[in-house]
Amino acid sequence: MNMNIGLSDILLISPMIALFLVSLIPITAKVLRGNREQPHAVTLAQALIGIVIAIGLLIVFGGGGKTAFNNGLIFDGVTQWMGVIALGAAGAAMVMMYENPATTGKQFSELIFLAMSSAVGMLILVSAVDLLMVFIGLEMMSLALYLMIAMSHEEKLSKEAALKYFILGSFASALFLYGVAFIFGSTGGTNILAFMDSAAELVQTSRLFLFGITFVILGFCFKVSIAPFHAWTPDVYQGAPTPHTAFMATAVKTVSFAAFLRVIATKSLIGSDHLFDILQWLAVITMILGNTAAIIQNNFKRMIAYSSVAHSGYLLIGIITAGVSDNGAFGASGVIFYLLSYALMTLGAFAIASMLERSENHIVNVDDLAGFAKQRPMLALCLTVFLLSLAGIPPTLGFFGKFYLFNAAIGEGLLWLAIWGMISSVIGVYYYLRPVVVMYMKEGNAEVASHSLNATTVTTVIMALAIIVMGFVSGPIFSAVERSLF
Amino acid sequence: MILSSIVFLPLLFALIVAVWPKSNTIRHLALGLSLVEFVLSLALFRQFDPNSAGLQMVEKFMWIERFGIQYFMGIDGISLWLVLLTTFLTPIIILGSWTSITERVKGFHVAMFVLQTAMLGTFLAMDAIFFYVFWELSLVPMYFMVGIWGGARRIYATVKFFIYTFAGSVMMLVAIIYMMYLTQEATGTMSASLLDFYKLKIPFVGGTFFSLQTLLFFAFALAFAIKVPAFPVHTWLPDAHVEAPTPGSVILAGVMLKMGTYGFMRWVIPLFPEASEYWAWLFMLIGTVGIIYGALVAMVQPDVKKLVAYSSVSHMGYILVGLFAFNAYGMTGGLYQMLNHGISTGALFLLIGMIYERTHSREISKYGGLAGVLPLFTIFFFIITLSSIAVPLTNGFVGEFLILLGTYQAEPVFAYFAVSGVVLGAVYMLWMFKRVFFGEKGELVKDEHHPLHDLNAREIAVLVPLVIMVFWMGLFPNHFLNYSKASIDYLVNNRSNYNLTIVEPGATSTQHAQGGN
């Protein structure tokens, strides 16, 4: 394979380079200072500046369907939107890391380094069109995550979570790689663009290819916690330090769905009715299971974890829609828009959980929220906004996310999936309302952590405002997403 | 801009109340603001042309262009009175809650104003998604109102209320999206405008359940029936009413239930004419069962608030029957009864709240002989009771009479059964009145340590406007019906070919006479 690397390739991957270089600053500084941490605020500021630069570079140089590194990476609307959402979510999660008791330990520089490395992996993942590139992105992102989850000092749960995530993550990677091998065997290549147009036919004619694509999809189902491959999600989400959970639930999920979308958009679904049927059922099972399991959770993080499983089910509807349509842009933009709203509201919910943690081993239960509305009316209002948005009540962004997603599905004739989605949202309302009930209607003494949590508070308020304001201007945003995909 | 101001001013008021620094003047502020809103809504009459059936004072612009979703408001003879009912009841409720809401006063008024915006928006929105946003938004403040200021089982009641009504409306959302695609098929561009929906001729194959029109009809009808609430999906209502604080009950009975019957008039009947006609028997049956069932259950309630709550099920059943009679009498009666029920039941809940504040009990058996102790209260209660059981000269009579007349014309069988509700209504209300106000003095009334005080000036000020309305609407129904006549006639006569037009400002009614014929 002859590889010509030109300036344009470098410019296109400049966001990754920038992120990587910035990620080195805190640990280099630590080495130069004789293994002493620089002030955490400085580290955080560096990381956020890095993220802003990366977002800027992604917007300026990316887009327009440019490819780099011999068609290994593509920079189109999906890359840009998903990349920006993931980086933004990563930045918000880092703000939480700065102030959460479980993550403000001695190794903050290393933590930020890992988070930034993971973000580099994410950017590779959102732009990868070669299945091996996808694999590299996935692994780069995940390896850093395994360490991040285990980094909490005391907690046994977090070690357990890390191990669980590591084993199941490796299992998913292995499945994925296995699938890639089959695809390579049947098409002689691993580049999605190469077999894009023939995928529908290949699925019908080549068993090998069908096997391959199935395993690739299964690998993704593990990563994005589609039932019944979701079993790790609640444990890992609960065990990891809350900011890391926020990071996983939003940034990681966004980019995993981006890669999933790219693979599905190869039109392999159009070719295989079986694959199509199976994915539909998986979506239904995921939505119902996630929502019903969340009802019985008392632990706040676990509840949101199950809710995120349910949201994966909704997103899968969008993925299927994009997969069966000749012009996937409509379904795909539904997915992107949904991820945008999902990232904001889930981050917000975890930010509140993070603020309620008073020590490293503190467990936040729903009942701990009693009296929160009296103690911190502003934050309680924010949490209400996040929960109503998660439940899909207008006029929040979450409602419009569901609206666009189901709209696309109905437009493609997947009416019954939309109906299932609606039925499971009704189940969802039940548990999303519970924290609101406890906050506003039960007496109690909920307090946020004693040390100041200004940065997290500011982020939370901004996210809540964004959910309301972006709800009203969701139309132009959606159109912008859709236009960028052509 | 008048409609937008009417809808969104309360939202602004909510913000003003939320940031108002002095907590002891919040009630005065809120009352003042709600009166401003009421006066503003009266200005509708200056512009409203009663001879036109078209959509007036329209404001619209594209909101979400990709899907043809518009910011689209308009008013006609059907929504006019519901808007006024909302703005009229709000100051009364705020004044009525003066002493009953003592905790988190600021939050209460914020919720009240947000709710007002949501309800007014529901009545005025002419775009399906725009409508849906208001429709669902109204759940949120009501949820807080019951959940925070309600009684002992408030959490159970409020969650039940929320989930019932939310569950009802999600299928409506699917149906709306589906209809947006139908507009795309029909005209090439997607639209969520109600006017474009009216133009859709959705296929209906008589008898088969799975004809498209039937399915869409039921998706909408379920949402509205739960809100009404029609038997057998009414069970959230007694819970919500009993647990809600007085102002919550008043707004719930007074306005929110009307969102359901309004939905039938504005959406279900003109959008799905054949299906409505085909299934009319079902809804008349549901309405009739509701009338009798509600009345019978009300009769045996030991709790006076629960009694009134079940009487709502009965009264709302009338409205449903009237609407599905599909003639001018039934429809007019249905609309009139919506207003009547808002006023009489609202007043009943206020009265119950007043006596509850004094005795902290609503159990009928603990009262008795109240007439001798609280004469003024008794008079007011009596007038409202008469209105509730539809005695001639009161507003209730006009509504029930028209409904029964219309029902008799359409389906005499249902009229025979529905009329029994009139008798039953008189039985449970008068029997309750007798037990509470006459006879032996009950244990609460006798209590020497806590002598009961009759109504004070504030309470009289709360009740007088309602009593005035009872007689005004009872004696001069034409003052009100004239404004709705054109719209209702048009709906009745052109149901299967409903095509609401937009009346340009300044145009004379003769140019738009198509609405009137």
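Student: Is Ile17(A) buried, partly exposed or exposed, and at what relative accessibility?

Tutor: Three classes are used: buried is under 20% relative accessible area, exposed is over 50%, and partly exposed is in between (1.4 Å probe, protein chains only). At 34% relative accessibility, Ile17(A) counts as partly exposed. Bear in mind that this is a predicted model, in which local features need pLDDT of at least 70 and side-chain atom pairs count only at pLDDT 80 or more, while totals for chains, interfaces and linings use all residues. Residues are numbered from 1 along each chain as its sequence is written, chains are lettered from A and ligands numbered from 1 in the order in which they are written, and side-chain values use heavy atoms, with hydrogens and water left out.

Student: Which helix holds Ile17(A), and which nonpolar patch includes Ile17(A)?

Tutor: Helices (H or I, at least four residues) and strands (E, at least two) are DSSP runs, numbered from the N terminus. Ile17(A) sits in helix H2 of chain A. A patch is made of residues with over 30% relative accessible area and no salt bridge; like charges are joined within 9 Å, and nonpolar side chains (Val, Leu, Ile, Met, Phe, Trp, Tyr) within 5 Å. Here Ile5(A), Leu7(A), Ile10(A), Leu11(A), Ile17(A), Phe20(A) and Leu21(A) make up a nonpolar surface patch, together offering about 620 Å² of accessible area (Shrake-Rupley method, 1.4 Å probe, with only the protein chains shown counting as cover for residues). Helix H1 (7-12) and helix H2 (14-32) of chain A each contribute at least two of the patch residues.

Student: Which residues of H2(A) are buried, and what covers them?

Tutor: The buried residues of H2(A) include Ser14(A), Met16(A), Leu19(A), Val22(A), Pro26(A) and Lys30(A). Cover is judged by contact, meaning heavy atoms within 4.5 Å. The covering elements include H1, helix H3 (40-61), strand E2 (73-75), helix H4 (77-99) and helix H5 (108-127) of chain A.

Student: How does the span of H2(A) agree with its number of residues, and where is its kink?

Tutor: The expected span of a helix is 1.5 Å times one less than its number of residues. For the 19 residues of H2(A) that should give 27 Å, and the end C-alpha atoms are 26 Å apart, which agrees. A bend is the angle between axes fitted to the seven residues ending at a position and the seven starting there. H2(A) has a kink of about 30°, centred on Pro26(A). Just after H2(A), Gly34(A) has a positive phi of about 70°.

Student: What do the span and the kink look like in H20(A)?

Tutor: Helix H20 (residues 415-441) of chain A has 27 residues and should span 39 Å; its end C-alpha atoms are 38 Å apart, which agrees. A kink of about 25° lies at Leu433(A), shortly before the proline Pro435(A). Of the 27 residues, 19 are buried, so H20(A) is largely enclosed by the rest of the structure.

Student: Which residues does Ser425(A) in H20 contact?

Tutor: Ser425(A) is found in helix H20 of chain A and is buried, with a relative accessible area of 4%. Leaving aside neighbours within four places in sequence, Ser425(A) is in contact with Asn291(A), Tyr314(A), Ala391(A), Lys402(A) and Phe166(B).

Student: What surrounds Ser312(B)?

Tutor: Ser312(B) lies in helix H15 (residues 304-323) of chain B and is buried at a relative accessible area of 0%. Not counting residues up to four places away in sequence, Ser312(B) touches Leu237(B), His241(B), Ala253(B), Leu257(B), His341(B) and Thr345(B).

Student: How many salt bridges does the structure hold?

Tutor: Side chains of opposite charge can pair when their charged atoms come close. A salt bridge is a side-chain nitrogen of Lys or Arg within 4 Å of a carboxyl oxygen of Asp or Glu. The structure holds 17 over all chains. One of them joins Arg302(A) and Asp235(A) (3.0 Å, N to O). Arg302(A) lies in helix H15 (residues 300-324) and Asp235(A) in helix H11 (residues 232-239) of chain A, so the pair ties together parts that are 67 residues apart in sequence. Arg302(A) counts as buried at 18% relative accessibility, and Asp235(A) as partly exposed at 25%.

Student: Which parts does the bridge between Glu243(B) and Arg153(B) tie together?

Tutor: Their side chains meet at 3.9 Å, N to O. Glu243(B) lies in helix H11 (residues 236-243) of chain B and Arg153(B) in the loop between helix H7 (139-149) and helix H8 (154-187) of chain B, so the pair ties together parts that are 90 residues apart in sequence.
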